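Visitor: I should like to go through this model and learn on what grounds each description rests.
Guide: Please put your questions in turn.

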Amino acid sequence: MMRNSARTQSVALSQGAMSWGALNIVLENAPYGPNVEEAKTVTLQTLLTILNTTKATEIPAVIKELSQDGQDTLMKYLYKGMAMPGWGDISGSVLLGWHEKLTEVAGTGCIVRTMTDRRTV
Amino acid sequence: MAPEVFNLAQTPITCHSFSADHKQVAASLNSNDAQIFTRQGAAWTPTETLSEHDKLITSIDWAPNSNRIVTASQDRNAYVWQQTPDPQTGKMAWKPTLVLLRINRAATHVRWSPKEDKFAVASGARAIAICSFDPENNWWVSKLLKKPIRSTVLSVDWHPNNVLLAAGSADMKARVFSAYIKEVDDKPAATVWGSKLPFNTICGEYASPAGGWVHAVGFSPSGDVLAFASHDSSISIVYPGGPAIYNIRISSLPFVTLTWTAEDTIVAAGHDCQPVVFSGSEAGWQGVGSLDDSTSGKTAAGARAGPGSVGRLNSVAFSTFRDADSRGHTGSGSTGATDTKLLTVHQNTITSVRPYETHGGRVTKVSTSGVDGNLVIWDADNVSASGVVGRMGGMRV
């Protein structure tokens with residue numbers, strides 16, 4: 001019993017760490033500027049896959065591990081995802097779930113920065 | 001000590017400025033007139049109205065030593081008001097003097113220089129007018145700082161040496177200019193910002209980190225450090241000698257005004273409705289708390305929602321939807337959905353924060369005015385860390 005719960009925990013942790021690592025790589029290398037539409041599309045797709053596969057219970061921990069830059073960039077992608085409904089395999093509820101958790105951690109300031117920043121993703 | 005709260009009007013207070021003895025305050029109540037209030041006991045009563053502008057007054061500054069008031073307005077004019085005896089009755093009255101601003105857009109912000117022989121008017125004409133008195137014609141003339149400003153200038157602040165001027169602009173930059181006027185100024189000594197300072201020298205240009213308008217700028221008391229707050233919910237502190245820029249991203253809504261209270265402390269306020277204190281040194285800066293201790297001294301509102309909720313988010317519509325969403329409640333629930341009162345002292349955006357009282361080089365009290373029509377005097381040392389930490393950590397949306 002004990003062993004079992006420890007196992008689930010460690011599996012959950014490694015999964016959480018994996019999505020954090022993947023998310024971090026994507027966010028740190030987010031493409032900016034003109035003439036990189038293809039790269040932007042690929043990044044958004046990759047990111048959405050990660051968001052979709054992260055368990056809801058792990059989301060807060062993953063977000064807390066991100067740097068402030070990472071959190072701000074993630075918010076930009078969430079809004080970009082929400083701006084294109086029916087695109088790819090985006091589910092609105094997944095994005096809204098992440099948005100809620102991210103706002104709890106990074107605050108409304110993070111949303112304001114997404115709106116002001118002209119370096120769009 | 002609890003902050004002193006005065007409700008001056010039901011309209012927004014665009015700006016305010018106290019007289020040197022703190023017995024009077026000039027404020028623009030979102031109108032074309034500047035209203036002078038006089039303190040009578042615990043209340044402020046309107047005593048005089050300065051009417052000359054024909055559009056909204058955007059900024060007022062009351063010079064403490066020369067007792068002159070300068071007002072700037074969207075009608076593209078500024079007036080300097082001086083108390084002069086009426087020739088017939090001998091009663092003292094405020095008389096305006098025209099300022100030749102030569103700008104073709106609204107004037108947005110005005111500040112007297114420390115020696116009170118010049119003032120700077122920020123404007124939407126992508127220029128800052130530096131005004132000095134011309135005794136021959138008995139009016140104020142201006143010289144324009146233009147390059148390289150690319151959008152509306154939103155705020156200005158003078159360096160203590162009376163020559164350097166900081167400006168924050170909607171082109172997302174904070175800049176430090178030389179506003180040296182040959183006829184008025186002595187040759188300034190070299191500072192960390194530079195040594196040769198002819199008019200319109202650009203001594204520094206700093207961009208806001210995530211591209212927000214720079215709403216407020218301020219030199220530290222020594223003039224060696226510059227702070228600016230921008231609309232990307234951040235505050236930046238610049239050490240030009242370093243060169244180091246410390247940027248603090250805040251988790252709440254953007255600040256629109258700030259003031260230094262000591263060489264190591266800044267008070268900033270804005271859309272979050274509470275004055276927030278930052279402190280630090282050349283080694284680093286961080287937010288330390290809020291002057292608005294919303295957890296104590298409040299009645300039911302504070303106790304019910306606790307320190308975990310953000311002032312602005314405690315609105316009727318918001319809690320109604322939240323209850324409907326999370327608990328399936330409709331109508332007024334136990335969370336008091338009919339209560340529209342925010343948990344902060346100010347009930348709306350703070351438009352201006354200014355030093356009020358100084359002791360031994362430290363500002364001990366600051367005053368704020370807000371869109372809620374309130375004028376509040378805060379004890380600058382009464383920082384409540386728990387309030388702001390709880391709020392930032394436990395933000396609910």
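**Pairing, edges and exceptions**

Visitor: What makes strand E16 of chain B and E17(B) partners?
Guide: Five bridges join E16 (residues 173-178) to E17(B), and the two run antiparallel. Strands are DSSP runs of E of at least two residues, as helices are runs of H or I of at least four, numbered from the N terminus. Two strands pair if DSSP finds at least two bridges between them, so five bridges qualify. Within this pair, Lys173(B) stands opposite Ala207(B) of E17(B).

Visitor: How do you know how far the model may be trusted here?
Guide: It is a predicted model: local features need pLDDT of at least 70, side-chain atom pairs count only at pLDDT 80 or more, and totals for chains, interfaces and linings use all residues. Residues are numbered from 1 along each chain as its sequence is written, while chains are lettered from A and ligands numbered from 1 in the order in which they are written.

Visitor: Why are E14 and E17 of chain B called edge strands?
Guide: The open sheet has the order E14-E15-E16-E17 in chain B, with antiparallel pairing. E14 (153-158) and E17 (202-207) each have a single partner strand, so one side of each lacks a neighbour in the sheet. Neighbouring strands here are turned by 15 degrees against each other on average, direction ignored.

Visitor: Which strands are the edges of the eight-stranded open sheet of chain B?
Guide: Its order is E6-E7-E8-E9-E13-E12-E11-E10, with mixed pairing. The edges are E6 (57-62) and E10 (107-112), each pairing on one side only. The average turn between neighbouring strands of this sheet is 30 degrees, direction ignored. E6(B) is joined to E7 (residues 68-73) by five bridges, running antiparallel, and Asp61(B) stands opposite Val70(B) in E7(B).

Visitor: What makes Asn67(B) and Pro148(B) worth naming?
Guide: Most residues other than glycine have a negative phi, and most peptide bonds are trans. Asn67(B), in the loop between E6 and E7 of chain B, has a positive phi near 50 degrees. The peptide bond from Lys147(B) to Pro148(B) is cis, with omega near -5 degrees; Pro148(B) lies in the loop between E13 (139-145) and E14 of chain B.

Visitor: How do you know that helix H5 of chain A is not straight?
Guide: The expected span is 1.5 Å times one less than the number of residues. For the 25 residues of H5 (residues 92-116) a straight helix would reach 36 Å, yet the end C-alpha atoms are only 23 Å apart. H5(A) bends by about 110 degrees at Ala106(A), the bend being the angle between axes fitted to the seven residues ending there and the seven starting there.

Visitor: How many residues of chain B are in contact with chain A?
Guide: 16 residues of chain B are in contact with 16 residues of chain A, contact being C-beta atoms, placed from the backbone, within 7 Å.

Terms used
Axes fitted to C-alpha atoms, helices over the stretch in contact; angles between N-to-C directions. Contact = placed C-beta atoms within 7 Å.
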